[in-house]
Amino acid sequence: MRRFSGRFRSSLIIGLQGIRARKLRTLLSMISLFLGVLAVVVVQAGASIAERALLADLELTAGYDGTRVMEMQASQQAAEVLTTTAKGRSDAVVMLGINGIVGEPGVLPVNPGGSPIDEDWGPPMNCDENGCVPIGGPEGEAVELRLTALTGDVRKFRPFRQESGRWLDFTTVPALAPRLVLNMEAAKAFDRHHVPAEMRVGGAANNVTPRFTGVVDDGDGQPRAYVRLDELTNWLPTSKLADPNTSGELRLMMTAGSPVEQVVTSKLKAMGNEPYAFTVESRKEQEKTLTLMRLVFFAMAGLVLLIGVAGILNVGLATVGERVEEFALRRAVGTPRFLLAGIVLVETLLTGLFTAAAAIGVSVAGLRVVSMIVGSSEPLLRDVQFPWEAGVAGIIAGLVAGVLGGFVPALRAAGIPIATVMRA
Amino acid sequence: MTTALIELSGITKVLKGQEQPRTILDGVGLTVHPGESVAIVGRSGSGKSTLLSVIGLFDRPDSGSYLLDGQEIARLPERRAARLRSSHFGFVFQRFFLLKHLTAAQNVAMALVNGQGWHPRRQRRTRVMEALEQVGIAHLAKNRPTKMSGGEQQRVAIARALVRDPKVLLADEPTGALDTETGTLVIDALLSATQRGCGLILVTHDRDHAARMGRTHDLIDGVLNERVAAR
């Protein structure tokens with residue numbers, strides 16, 4: 001071990017002396033390698049940032065990886081089973097969905113059916129055994145949206161991004177005027193249409209006066225509002241919330257291993273309602289797409305890196321050719337052959353490492369500049385951090401290039417006969 | 001009588017790869033004791049450097065016996081030969097082979113930073129300065145070879161050979177590129193090493209320098225003969 005340490009330190013000292021003696025050559029090698037390492041760093045950084053962005057978007061709509069989700073046919077009994085079982089628990093949240101209209105009473109909403117505000121899903125229809133006929137009514141200023149009633153803070157399962165205002169507070173006494181948190185599409189709708197604060201929900205005892213407390217990005221393209229279940233049920237019976245005739249939604253989000261899942265499943269099965277449960281695996285779903293994309297870009301970066309390796313190889317061979325006497329002399333004073341190879345490899349490895357450091361530095365600076373310039377218009381690049389994986393990839397690329405570029409010159413150096421010093 | 005440092009007997013070296021194989025060394029025998037100085041003289045192409053290569057373990061003899069400190073080393077693998085070169089031998093060549101980008105001290109330290117054992121920086125510095133003092137140029141430790149005269153450069157090369165306290169110094173025409181006066185100083189430096197028990201084998205054309213050695217051998221057509229009359 002001691003001997004190995006001495007040899008390693010010897011090759012490091014001699015390698016550094018060699019680099020200092022040939023600064024220009026080292027710089028030229030670095031330049032030839034720089035683009036290749038930079039390409040690897042940029043590809044890895046881009047892939048990591050894209051992966052994080054894709055994953056963040058998927059988490060917004062599907063939830064964090066590992067979250068258990070249970071869906072079932074909406075019914076009054078199912079809603080009661082879910083709300084009574086999950087009430088007051090921190091490991092499970094029930095989401096009950098229903099349509100509501102906020103605005104002038106008795107008028108058709110500007111987006112019938114709760115469509116995105118710039119899309120037209122056609123007029124609302126009233127259907128019976130004779131067919132469907134459009135529902136008539138006067139036009140006015142009202143917005144239809146999906147109302148999602150929550151039994152607890154769902155953000156531990158779905159990382160909504162708070163855009164403005166406050167999220168729902170589940171620790172306070174329920175308010176009589178339901179507090180709503182809008183998603184981006186709903187906020188856009190209310191930004192365009194100034195409507196009176198009156199909310200109609202099918203089956204409610206009265207029209208209620210909602211209060212908007214904040215806006216979140218939930219990744220949903222439809223206008224949606226989140227509300228505390230206990231505030232909504234002041235006005236609306238739970239049975240109406242889960243009414244399949246009013247497009248009711250019923251969903252349970254849980255931590256993995258939560259006992260709620262088993263209890264709810266048993267109760268629902270007893271009622272003849274077979275639930276469907278699954279685990280969110282967003283990362284796995286996007287992996288195939290990202291792997292293919294990454295392979296294509298890495299292949300391109302690899303080609304550029306190979307050109308850099310050829311540069312190191314070329315300079316390395318020329319340098320060894322110039323240092324024949326030095327290496328022969330080193331052998332004469334007892335330096336083993338493999339240490340001579342080690343000296344050359346140390347020089348090319350250090351060159352690769354210095355290049356990697358330069359490429360990483362340029363990438364970090366470049367990312368900061370891009371973030372500053374286009375960050376305001378591109379949320380993906382706002383305050384984006386340089387991914388450490390890209391740094392690691394750059395260092396590995398530098399080291400691999402150093403080994404590949406230095407291997408043949410190292411073999412040459414090890415093969416130089418000592419007799420060279422006698423013949424000189 | 002002490003054990004011989006070097007004991008060659010029947011050493012033969014044939015140069016192959018030509019139409020006619022050429023015998024460079026033909027049954028050479030030579031014994032060197034600690035503190036003894038030996039000059040080998042001969043015409044160009046007589047095999048002097050080849051003999052030195054065999055003695056310094058740069059090359060292997062085709063046949064014969066080579067005892068170093070009583071151990072047979074004629075067929076040594078390269079790794080062990082490198083270790084012995086480092087521990088037993090110091091080499092001085094006609095050309096000084098100093099690395100231009102290193103200072104005199106760093107050039108001397110080169111023999112210590114060779115992967116054969118590790119010498120901490122402070123220890124390295126002490127040994128390098130001692131070696132430079134032995135050859136009288138400690139004051140030039142920080143100078144680069146390009147700023148030194150030929151004699152000074154050769155003394156740096158001798159310091160490099162001495163820094164590991166070798167048992168044998170092998171000098172191949174060390175004064176060949178120097179004027180007479182400087183050459184004499186270099187021979188003085190080499191001979192001073194023999195006073196500390198180091199054996200010296202000097203290959204030279206210069207009869208005056210050869211005369212200062214304890215013994216002189218003539219190498220003629222690969223055959224080594226001791227010159228009795230020269231004593």
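In chain B of this predicted model, 70% of the contacts with a separation of 6 or more are made by residues 24 or more positions apart. The corresponding share in chain A is 87%. Chain B has 231 residues, of which 50% are buried, and its secondary structure consists of 7 helices and 10 strands. Chain A has 424 residues, with 40% counted as buried, and here 12 helices accompany 12 strands. As for confidence, chain B has a mean pLDDT of 89, with 97% of its residues at 70 or more. For the complex, the predictor reports an ipTM of 0.88 together with a pTM of 0.69.

It is worth a look at how the strands of chain B are arranged. Four of them form an open sheet in the order S2-S1-S4-S5, and the pairing is antiparallel. The edges of this sheet are strand S2 (22-32) and strand S5 (71-72) of chain B, each of which pairs on one side only. Further in, strand S1 (residues 6-15) and strand S4 (residues 63-68) of chain B are joined in the antiparallel sense by 5 bridges. A handy landmark for this pairing is B:Thr12, which stands opposite B:Ser63 in S4(B).

In chain A, strand S5 (residues 142-150) is a good place to begin. This strand is mostly covered, with 9 of its 9 residues buried. Strands of a sheet can pair through backbone hydrogen bonds in either a parallel or an antiparallel manner, and S5(A) offers an example of each. Strand S2 (residues 92-103) of chain A runs antiparallel to S5(A), and 9 bridges join the two; within this pairing, A:Gly97 has A:Thr148 of S5(A) as its bridge partner. With strand S10 (residues 224-228) of chain A, by contrast, S5(A) pairs in the parallel sense over 5 bridges. There, A:Leu147 is matched with A:Ala225 of S10(A).

Among the helices of chain A, helix H8 (residues 282-322) invites a simple check of length. Its 41 residues, at 1.5 Å a residue, should span 60 Å, and the end C-alpha atoms lie 57 Å apart, so the model agrees with the expectation. The helix does have a bend, of about 35 degrees, at A:Lys288. Its buried residues include A:Ser282, A:Ala301, A:Leu305, A:Gly308, A:Val309, A:Ile312, A:Val315, A:Gly316, A:Thr319 and A:Val320. An α-helix has 3.6 residues a turn, so residues three or four places apart point the same way. Several of the buried positions can be followed with that spacing in mind, among them A:Ala301, A:Leu305, A:Gly308 and A:Ile312. The cover over the buried residues of H8(A) includes helix H2 (23-62), H10 and helix H11 (388-414) of chain A.

The two chains meet in a contact that takes 25 residues from chain A and 26 residues from chain B. On the chain A side, helix H1 (2-21), helix H9 (324-332), helix H10 (337-374) and helix H12 (419-423) each supply at least two residues. The largest share, 9 residues, comes from H1(A). By character, the residues on this side of the contact are 13 nonpolar, 6 polar and 6 charged. Helix H10 of chain A thus appears twice in this account: H10 is part of the cover over H8(A), and H10 also supplies residues to the side that touches chain B.

Definitions and conventions: Residues numbered from 1 in each chain as written. Chains lettered and ligands numbered in written order. Predicted model: local features only at pLDDT ≥ 70, side-chain atom pairs only at ≥ 80, totals over all residues. Buried ≥ 20, exposed ≤ 12 C-beta atoms within 10 Å, placed from the backbone. Helix = DSSP H or I, 4+ residues; strand = E, 2+ residues; numbered from the N terminus. Pairing = 2+ DSSP bridges. Contact = placed C-beta atoms within 7 Å. Nonpolar A, V, L, I, M, F, W, Y, C, P; charged D, E, K, R; others polar. pLDDT = per-residue confidence, 0-100. Expected span 1.5 Å × (residues − 1). Bend = angle between axes of the 7 residues up to and from the residue.
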